[in-house]
Amino acid sequence: MQQLGMGQAVNQALREEMTRDERVFIAGEGVGVSIHDNPMLPTADLLKDFGVARVKDTPVSEAAIAGLAVGAAVSGLRPVVEIMFNPFFTLASDMIVNHAAKLRYLSGGKSTFPLVVRIKTGAGFGAGCQHAHNLEAWVAHCPGLKVVMPSTPADAKGLLKAAIRDDNPVVFIEDMMLYFVPEPVPAEEYLTPIGKAEVKRQGRDVTVVTWSKMLGVALKAAAGLAQEGIEAEVVDLRTLVPLDRETIISSVRKTGRLVVLHEATRTGGFSGEVCALVTEEAFSSLKAPFRRVTGPDIPVPVSPPLERFYIPDEEQLIAAVKEIV
Amino acid sequence: MEVAKEKKIEMLRSMLLTRRFEETLTELCKNEGKIPGMMILCTGQEAVGSGVCAALSPEDVIISNHRSHNHLLTKGADPRAIMAEIYGKSTGCNKGKSGTLHLAVPEVNAPCTTTVVGGGLPIAVGVAFSQQYKKEKAVTVCFFGDGAADEGSFHESLNLASLWSLPIVFVCENNLYAGAQRYEEHTRVKDIADRASAYAMPGEIVDGNDVLAVYEAARTARERAIAGNGPTLIECKTYRCRGHGESDHQLYQPKDEIAAWQEKCPIPRLSDEVFALGLITAEELSALEAEIGAVVQEAVRFAEESPYPKPEEALEDVFV
């Protein structure tokens, strides 16, 4: 099987969908000609293969980029636009939050907005807090947006293809660290359904719910815990909205324990939503209080030891599991 | 170029319809609880939408704003569905989800209306991109006020529309007030049309109370856009005769200023002309007014007699 980083998997998904459907185009800052010429990046060589009519380099204008998607989507195209880094979401947010998410509702279901906003995210590059800031909980809080955050290249390919074919606005958040970690990706055509979590590791003692880059941390921690006789079940949400409540609840009913792990900061983070759901729906199954392992409530710092301190790791997760098992 | 008689009557009709429709809304708003939310009217500004939309083809798209009734009615929206929506009834064009402020009428190519000031411009860029991408012989018109020209979205959108030569007509309805701020209090730029030069597109200044002048400017801009020569910014100088909304007592607008602009009302300006030219008789004008009165009356009856949506219908239409 081909080994691809997540950026390459995204690239393959874009190629397949652009080849299949003339209505699909991409736009954003540097999606054609980029200051980064790394072939592992998601839009590498798309300009060469699809041309300037369908690969649109834009000015540095995030509101216009997101508005371009909204207007093009309601007019019958299937835009896939890129917000270069998650913190710049704020500049595009009026178009995404007030328009992409709400205009269908305001139309009484008459107008549709089949668009994808790809956002690159993640700490670990020493780029600092204005280039690294995981804001998935913000978008998940806005009705009308689907929120997808893949953890593996294979899922990224199938989920992005599903997002492009979805008739709703989808915010698709890619952790850039995963661009550079090749994993097996099926070469053939496939779709991964939006709204379905996946149990990436079976276990009986504790449920670890996570998504995006933190899946790798969870799986490493689970391997370590297994050596001590603790079997963690790892649930990869893949999609935050719509949330696969059943998979979370049935796993916690089985294990009786819950730890939620995400890179984003703690207060108001999406782990609170997962814990609330479990408390509401599976309280009687809980044998111990839940735990959350998250980034601390600070902006992402630059200096390597500070940034490493920010990003949750296996040791923190193992310690949290041991507190409740 | 001489404007055809039928076109003039069409513009007169749409201005009269808007005026009657909105005067009726003013009366309805006096009944507490009848009309939910805000009520934002365009009294005195009807020439802008009526003139611009008269220059459009059905396949052209408009993106409007919080002051949208004239734009939508002139584009051909059903007054009954608009009135029912304003009432919040289930037969409204948006099933009560939008109310007066965010009316979407995709069947007349008005797929969305936004109340976020300046929010329509980036969306219009996207619609026009789609027209260009699909090689359609159609343009997008974006209506916005003078206040919107202070938003960052205005500048990003004009820049991108110009860069890509998109088929857009940006129509700034400069009614001299952005909320409670008079024009001079929110920008030092004398004419918003001047901002067009910053983005290498034509900026036209038009008497916004002269519907024929508005029509001509829009027609020229549309032709330019269709020919692939890119966007135009048209600034229509007009005046907000009523408050920002109906609850606004206009304490900051000089009374003599309002009175002076009421004298420049675009409706008699056109009706006097078509009457003097013999394009319409007194009887025909009365008949037109009576017909419009009946249309609005029927819209009110339809809205009054329509049911409200069921509460749980609030949960519908978030996602496809």
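Visitor: How many residue pairs are in polar contact between domain 1 and domain 2 of chain A?

Guide: There are 16 such pairs, both residues at pLDDT 80 or more. A polar contact is a pair of N or O atoms within 3.5 Å; within protein, one must be able to donate a hydrogen and the other to accept it, and residues adjacent in sequence count only if both atoms are side-chain atoms. Keep in mind that this is a predicted model, where local features need pLDDT of at least 70 and side-chain atom pairs count only at pLDDT 80 or more, while totals for chains, interfaces and linings use all residues. Residues are numbered from 1 along each chain as its sequence is written, chains are lettered from A and ligands numbered from 1 in the order in which they are written, and side-chain values use heavy atoms, with hydrogens and water left out.

Visitor: Where do the two domains begin and end?

Guide: The bounds come from an automatic or database domain assignment. In chain A, domain 1 covers 2–185 and domain 2 covers 198–324. Their C-alpha centres lie 26 Å apart, and the contact (heavy atoms within 4.5 Å) takes 26 residues from domain 1 and 24 residues from domain 2.

Visitor: How is the area that the two domains bury to be read?

Guide: The size of an interface is often given as the accessible area lost when the parts come together. Here buried area uses a 1.4 Å probe and is summed over both parts. Domain 1 and domain 2 of chain A bury about 1900 Å² between them, with 58% of it on carbon and sulfur atoms. On the domain 1 side, Ala123(A), Met149(A) and Ser151(A) supply 23% of the buried area, more than any other three residues.

Visitor: How many salt bridges are there between these domains?

Guide: A salt bridge is a side-chain nitrogen of Lys or Arg within 4 Å of a carboxyl oxygen of Asp or Glu. The count between domain 1 and domain 2 of chain A is three. Separately, the side chains of Asp155(A) and Arg238(A) meet in a salt bridge at 3.1 Å, N to O.

Visitor: Now the sheets. In what order do the five strands of the open sheet stand?

Guide: Strands of a sheet pair through backbone hydrogen bonds, either parallel or antiparallel. Two strands pair if DSSP finds at least two bridges between them; helices (H or I, at least four residues) and strands (E, at least two) are DSSP runs, numbered from the N terminus. In chain A the order is 9-11-10-13-14, with mixed pairing. Strand 9 (198–201) and strand 14 (291–295) are at the edges with a single partner strand each, so one side of each has no neighbour in the sheet. Strand 9 runs antiparallel to strand 11 (232–236), joined by three bridges, and Glu198(A) stands opposite Asp236(A) in strand 11.

Visitor: What is the order in the open sheet of seven strands?

Guide: That order is 3-2-4-5-7-6-12 in chain A, again with mixed pairing. Strand 3 (55–57) and strand 12 (239–241) are the edge strands, each pairing on one side only. Strand 2 (24–28) and strand 4 (78–83) pair in the parallel sense over five bridges, with Val81(A) as the bridge partner of Ala27(A).

Visitor: How much area is buried between chain A and chain B?

Guide: About 3200 Å², of which carbon and sulfur atoms give 67%. In chain A, Tyr105(A), Leu106(A) and Lys110(A) lose the most area to chain B. Lys110(A) also meets Glu107(B) in a salt bridge at 2.9 Å, N to O.
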